[in-house]
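Reader: I should like to go through this model by question and answer. Please show the sequence and structure before we begin.

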Amino acid sequence: MSESTTIKLKQVSVGYRDSRGKERIVKSGISLGAEKGELVALIGGNGIGKSTLLRALAGFQPPITGDISVSGKSISAYREKELATMMSFVSTEIIRVANLSVFEMVALGRFPHTNWFGKLTDEDRQIVNESIRMVGLDGYQTRPINQISDGERQRAMIARTLAQDTDIIVLDEPTAFLDVPNKYEIVSILHHLAREKNKTIIFSTHDLNIAVSEVDMIWLMLQDDVVQGAPEDLILNGQFPLLFQKSDLTFDMEKGDFRIKRHLKHAVQLTGKGAELLWTQKALERNGLEVTNEADTNIEITVRSEPPCWQVQTADSDKTFYSVYHLCRYLREL
Ligand SMILES: Nc1ncnc2c1ncn2[C@@H]1O[C@H](COP(=O)(O)OP(=O)(O)OP(=O)(O)O)[C@@H](O)[C@H]1O
């Protein structure tokens, strides 16, 4: 980690204290960093400590040991309002304050910059409207926050952090509860903000495919370790697949996707090209068939296009199917 590292965590442990002050450490030995202009995804299984770490990072709960610093200064040394001009936080809790409009909710982000009475200047109003526009909510200014969709509310929450105008934005599961296009849209907004506005953005997520394709760095929380790197580094060095170690999932290094471990019954030889070949292979594997290039299989499948059809040759039959569905039904009977 270079000297310019915006955020630095050094041998941090995070956790909770019970009512008698007894510590319960959730995760320890966390040493991570992030630079300006980077989009970082925090990834790890349920209950591993992502929200706990993000709350510590945002200054809401002190780390139990170790140090978290922002721009070279420990966050414990910042005054609350000073930290709020540097770092904003979006939690998973859905804010549905009745009677608060989108404009008023986004305007709350201006609080570290306003005077004692919190009165907005013309410039503040301009920043709030610009933030709303940037997340694609122009025209929603007067809509009550409890009468818009989860995806729109998530955008409004991001607009609030934009209005807060901090160099660092921390978000806890901003893509939870959203449909797939909205998940991509939100991450693409974050990506754009990191690049164009030179912000450091850290968000936790369970959307692994999106994270792998969109972020500069992954902070990976494993059972026994916390590591960081470009998604591709963590995939190539075998750390990313450790996420699925104790599950029925496996990570396909070649295709970069996840699949359920299956007991494969037969080997088949498959020939064809393009998208038809790729999707036929996925269907065959789902049905317990291992696709191989070995010539000594008893089943040969040829994918043809125009019209798409699938020819299946075995020792005693030669059949053609016109959909993957009918092909699979036949193969399951073999
Ligand atoms: N306020 C709290 N007091 C005590 N323990 C807590 C508190 N909040 C969370 N925990 C515990 O800390 C551990 C980590 O929880 P955390 O919410 O940080 O996990 P997470 O990685 O964000 O999980 P998920 O992916 O399920 O949201 C869990 O065992 C949880 O039960």
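**Strands, helices and the ligand shell**

Reader: Which residue in E4 stands opposite Lys8?
Author: Strand E1 (residues 7–17) and strand E4 (residues 65–70) run antiparallel and are joined by five bridges. Strands (E, at least two residues) and helices (H or I, at least four) are DSSP runs numbered from the N terminus, and two strands pair if DSSP finds at least two bridges between them. In E4, the residue opposite Lys8 is Ser69.

Reader: At what pLDDT do side-chain atom pairs count?
Author: Residues are numbered from 1 along each chain as its sequence is written. This is a predicted model, in which totals for chains, interfaces and linings use all residues, local features need pLDDT of at least 70, and side-chain atom pairs count only at pLDDT 80 or more.

Reader: What angle does the direction of H1 make with that of E1?
Author: An open, antiparallel sheet of four strands has the order E2-E1-E4-E5. Strand E2 (23–34) and strand E5 (73–74) have a single partner strand each, so one side of each lacks a neighbour in the sheet. H1 packs on this sheet, touching E1, E2 and E4 (contact means C-beta atoms, placed from the backbone, within 7 Å). With axes fitted to C-alpha atoms (for helices over the stretch in contact) and angles running from 0 to 180 degrees between N-to-C directions, H1 makes with E1 an angle of about 115°.

Reader: Which helix gives the most to the shell around the ligand?
Author: The ligand is surrounded by residues that include Tyr16, Val26, Lys50, Ser51 and Thr52 (near means a C-beta atom, placed from the backbone, within 6 Å). The shell divides into three nonpolar, six polar and one charged residue, where Ala, Val, Leu, Ile, Met, Phe, Trp, Tyr, Cys and Pro count as nonpolar, Asp, Glu, Lys and Arg as charged, and the others, Gly among them, as polar. The helix that gives the most, with three residues from the stretch 50–57, is H1.

Reader: Why is the protein chain described as more spread out than a compact globule, and what is its radius of gyration?
Author: The chain holds ten helices and 17 strands. The globule rule (2.2 Å times the number of residues to the power 0.38, set against a radius taken over C-alpha atoms) gives 20 Å for 334 residues; the chain is well over that and so is more spread out than a compact globule, its radius of gyration being 25 Å.

Reader: What is the average twist from one strand to the next in the sheet of six strands?
Author: This open sheet has mixed pairing and the order E6-E7-E8-E3-E9-E10. Strand E6 (87–90) and strand E10 (226–229) stand at its edges with a single partner strand each, so each has one side without a neighbour in the sheet. From one strand to the next, the twist averages 15°.

Reader: Which helix lies across E3 and E8?
Author: Strand E3 (residues 39–44) and strand E8 (residues 200–204) are parallel partners over four bridges, and Leu39 stands opposite Ile201. Lying across both strands, and running at about 155° to E8, is helix H6.

Reader: Is Glu306 buried or exposed?
Author: Five bridges join the antiparallel strands E15 (residues 299–304) and E16 (residues 309–314), and Glu306 is found in the loop between them. Glu306 has a positive phi of about 50° although it is not a glycine, and a cis peptide bond with omega of about -10° joins it to Pro307. Most residues other than glycine have a negative phi, and most peptide bonds are trans. A residue is buried if 20 or more other C-beta atoms (placed from the backbone) lie within 10 Å of its own, exposed if 12 or fewer, and partly exposed in between; having 5 such neighbours, Glu306 counts as exposed.

Reader: How many C-beta neighbours does Asn198 have within 10 Å?
Author: Asn198 is found in the loop between H6 and E8. Its phi is positive, near 60°, in a residue other than glycine. Asn198 is partly exposed, because the number of other C-beta atoms within 10 Å is 13.

Reader: What distance separates the C-alpha atoms of His113 and Gln164?
Author: His113 lies in the loop between helix H3 (102–107) and helix H4 (122–134). With 18 C-beta neighbours inside 10 Å, His113 counts as partly exposed. His113 and Gln164 are 51 residues apart along the chain, and their C-alpha atoms are separated by 7.8 Å.

Conventions
Two residues are in contact if their C-beta atoms, placed from the backbone, lie within 7 Å.
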